[in-house]
Amino acid sequence: MANCPYCGEKLSYKRLLPISWKSRTGVECPNCHQTSYNSADMRKKSTLIVLIIPLLLIIKDLFNIAFPFMYGIFFMLIVGFILALPLFVKLTKKEEPLW
Ligand SMILES: [Zn+2]
């Protein structure tokens, strides 16, 4: 789990969770009350999930998978991603530009 870049305080999963879907949101440290941000590197990686969407659509056509089934897989991927992201978040003091 990520530590506060200012004081090294370990930040809880619950506190980090909003970054998963709001990438431009900072996290306030409960110890020093400074705001830190998800690193640009991690934000780039998290945008990769968007690239999976067209890929899934291609796979769906290739294998003729029923659409509701595909939605199920897609939904699980998104939820899994959002829940797993706080475990891999790296925090920086400043909001880094993405590119
Ligand atoms: Zn702190």
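How many buried residues are there among the 22 residues of helix α3? The count is two, and α3 is hardly covered. The legends below return to this helix after a look at the whole chain, which is a predicted model.

**Figure 1. The whole chain, with three helices and three strands.** Following the sequence from its start, you meet these elements in the pattern α-β-β-α-α-β. The C-alpha atoms fill a box of roughly 55 × 30 × 15 Å along the principal axes. The radius of gyration is 16 Å, whereas a compact globule of 99 residues would have one near 13 Å. Of the 99 residues, 14% count as buried. Among contacts with a separation of 6 or more, 60% link residues 24 or more positions apart.

**Figure 2. The open sheet of three strands, in the order β1-β2-β3.** The pairing is antiparallel, and the edge strands, β1 (27-28) and β3 (91-92), each pair on one side only. Two bridges join β1 to β2, and two bridges also join β2 (residues 35-38) to β3. To find the register on the β1 side, look for Val 27, whose bridge partner in β2 is Ser 36. On the β3 side, Asn 38 has Leu 91 as its bridge partner, while Tyr 37 stands opposite Thr 92. As background, strands of a sheet pair through backbone hydrogen bonds, either parallel or antiparallel.

**Figure 3. The hairpin of β1 and β2, with His 33 in its turn.** Six residues lie between the two strands. His 33 sits in the loop between β1 and β2, and its phi is near 60°, a positive value in a residue other than glycine. For context, most residues other than glycine have a negative phi. Is His 33 buried or exposed? His 33 counts as exposed because it has 10 C-beta neighbours inside 10 Å, and the cut-off for that class is 12 or fewer.

**Figure 4. The largest nonpolar core, with eleven residues.** Its members are Ala 2, Cys 4, Leu 11, Ile 19, Val 27, Cys 29, Tyr 37, Met 42, Leu 85, Val 89 and Leu 91. Some of these names will be familiar from the sheet: Val 27 bridges to Ser 36, and Leu 91 bridges to Asn 38. Cys 29 is a handy place to centre the view, and, leaving aside residues up to four places away in sequence, it touches Cys 4, Tyr 6, Cys 7, Glu 9, Leu 11, Gln 34 and Ser 36. In general, nonpolar side chains of soluble globular proteins tend to be buried together.

**Figure 5. Helix α2, residues 40-63.** The number of buried residues among the 24 of this helix is one, so α2 lies largely in the open. Its end C-alpha atoms are 36 Å apart, which agrees with the 34 Å that 24 residues should span at 1.5 Å a residue. Just after the helix comes Asn 64, whose phi is positive, near 55°.

**Figure 6. Helix α3, residues 67-88, and its bend.** From first C-alpha to last, the 22 residues of α3 reach 31 Å, close to the 32 Å expected at 1.5 Å a residue. Where should you look for the bend? α3 bends by about 25° at Ile 82, and Pro 86 follows within four residues. Leu 85, one of the residues of the largest nonpolar core, belongs to the stretch 67-88 that makes up this helix.

Note on methods: Residues numbered from 1 in each chain as written. Predicted model: local features only at pLDDT ≥ 70, side-chain atom pairs only at ≥ 80, totals over all residues. Core = buried A, V, L, I, M, F, W, Y, C linked by C-beta atoms within 7 Å. Buried ≥ 20, exposed ≤ 12 C-beta atoms within 10 Å, placed from the backbone. Contact = placed C-beta atoms within 7 Å. Expected span 1.5 Å × (residues − 1). Rg over C-alpha atoms; globule rule 2.2 N^0.38 Å. Pairing = 2+ DSSP bridges. Bend = angle between axes of the 7 residues up to and from the residue.
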